[in-house]
Amino acid sequence: MDLNGLVTIWNEGAVRILGWSEEEMLGQPAGVFFTEEDQQNAIPQREMRDALEHGRGNDERWHLRKDGSKFWASGEMMVLRSDGGKPEGFLKILRDRTEERHSQERQKLLMHELNHRLKNTLSVLQSIVTQSLRGAKSVAEVASTLQDRISAYSRAHDILMHENWSSTDLKSIVESAISSLGLEGSPRFLSSGPHVELDPQAALAISLVLHELGTNARKYGALSNADGLITMRWTVIKDAGEPFIEATWAESGGPKVVPPRKIGFGSRLIR
């Protein structure tokens, strides 16, 4: 560019990245590929001023192509001088860094999401530990209970990991609960219902609920003998136009049902 910022040479790299031909740009202000906001804030002039005062001007910002699309680029402005050292114009070096920018943004988003999930996971685990300790009769009992509950939570995580942590279906969560009870393929646990997509938090919560129901059935209910049966069915209903899951966990063939003497972790979790 000359000292007024008008293009004097426009190479093939500029054509490839920016889209304007050399014929279109010769004699035109180089500021044309800056965004309207940057042009209003005189960013091209500031770069030239920095180059004159400090030897070079650097920046990283969004730029415009001829077709109006934006791309992220790092720029470097340097002064062109005569043999006597007098400024004669400027050389602008521009590097397309769009993919690197998008990669950094994706990484930042993933780190934010990972931090959010870790906090949620730690919060749930803290609650599991606190509630499991409450009312525990012995160290051995609480150790076994904690191991089972954390394992149930871990299995739900595994299911979500296979789905890239986006979502999973209720059937997969139910099948995992059946498997953890050792009843995979057994006629003692029957389940049916439509395909329902669950977001990660819902999937984790329902996994814990099913674990507590299964544990209770094994200790006191239909699975505490050789004849009991569990049937789980679910459907989708509409309430004021909003979809809800209505699920039923039914036990039969077990011991006589008696009201619990205390409210445990499972009851609190389900409620």
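Visitor: Which helices and strands each supply at least two residues to the lining of the largest pocket?
Guide: They are α5 (98-133), α6 (139-162), α8 (200-219), β8 (242-252) and α9 (265-270). The largest share, seven residues, comes from α8. These names denote DSSP runs numbered from the N terminus: helices are H or I over at least four residues, and strands are E over at least two. This is a predicted model, in which local features need pLDDT of at least 70 and side-chain atom pairs count only at pLDDT 80 or more, while totals for chains, interfaces and linings use all residues. Residues are numbered from 1 along each chain as its sequence is written, and side-chain values use heavy atoms, without hydrogens and water.

Visitor: What makes a residue part of the lining of the largest pocket?
Guide: A lining residue has an atom within 4 Å of a point of the space, on a 1 Å grid over the protein atoms alone. For the largest pocket 42 residues qualify, and Asn-216, Tyr-220, Pro-260, Lys-262 and Gly-264 lie nearest its centre. The lining divides into 13 nonpolar, 15 polar and 14 charged residues. Here Ala, Val, Leu, Ile, Met, Phe, Trp, Tyr, Cys and Pro count as nonpolar, Asp, Glu, Lys and Arg as charged, and the others, Gly among them, as polar.

Visitor: Why is one space called a pocket and another a cavity?
Guide: A pocket is an open set of points with protein on both sides within 12 Å along at least five of seven lines, whereas in a cavity a 1.4 Å probe fits but cannot get out. The largest pocket holds about 1400 Å³, and the second largest about 420 Å³. The largest cavity holds about 60 Å³. Its lining has ten residues, and closest to its centre are Ala-152, Arg-155, Ser-176, Ala-177 and Ser-207. A volume is the space filled by probe spheres set on the grid points, which are joined across faces, edges and corners.

Visitor: What is the character of the lining of the second largest pocket?
Guide: Of its residues, 14 are nonpolar, three polar and one charged. There are 18 in the lining, with Ile-9, Asn-11, Ala-14, Leu-91 and Lys-92 nearest the centre. Strand β3 (87-96) gives the most, five residues.

Visitor: How do you know that β2 and β3 are paired strands?
Guide: Two strands pair if DSSP finds at least two bridges between them. β2 (residues 70-81) and β3 have nine bridges in the antiparallel sense, so the condition is met. One of the matches sets Leu-80 opposite Gly-89 in β3.

Visitor: Why are β1 and β3 said to stand at the edges?
Guide: The open antiparallel sheet has the order β1-β2-β3. β1 (56-64) and β3 each have a single partner strand, so one side of each lacks a neighbour in the sheet. Neighbouring strands are turned by 25° on average, direction ignored.

Visitor: What makes the sheet with β5, β7 and β8 an open one of mixed pairing, and which strands are at its edges?
Guide: Its order is β5-β7-β8, and the pairing is mixed. The edge strands β5 (189-192) and β8 pair on one side only. Four bridges join β5 to β7 (residues 229-239) in parallel, so the requirement of at least two is satisfied. Ser-191 stands opposite Met-232 in β7.

Key. Axes are lines fitted to C-alpha atoms, for helices over the stretch in contact, and angles run from 0 to 180 degrees between N-to-C directions.
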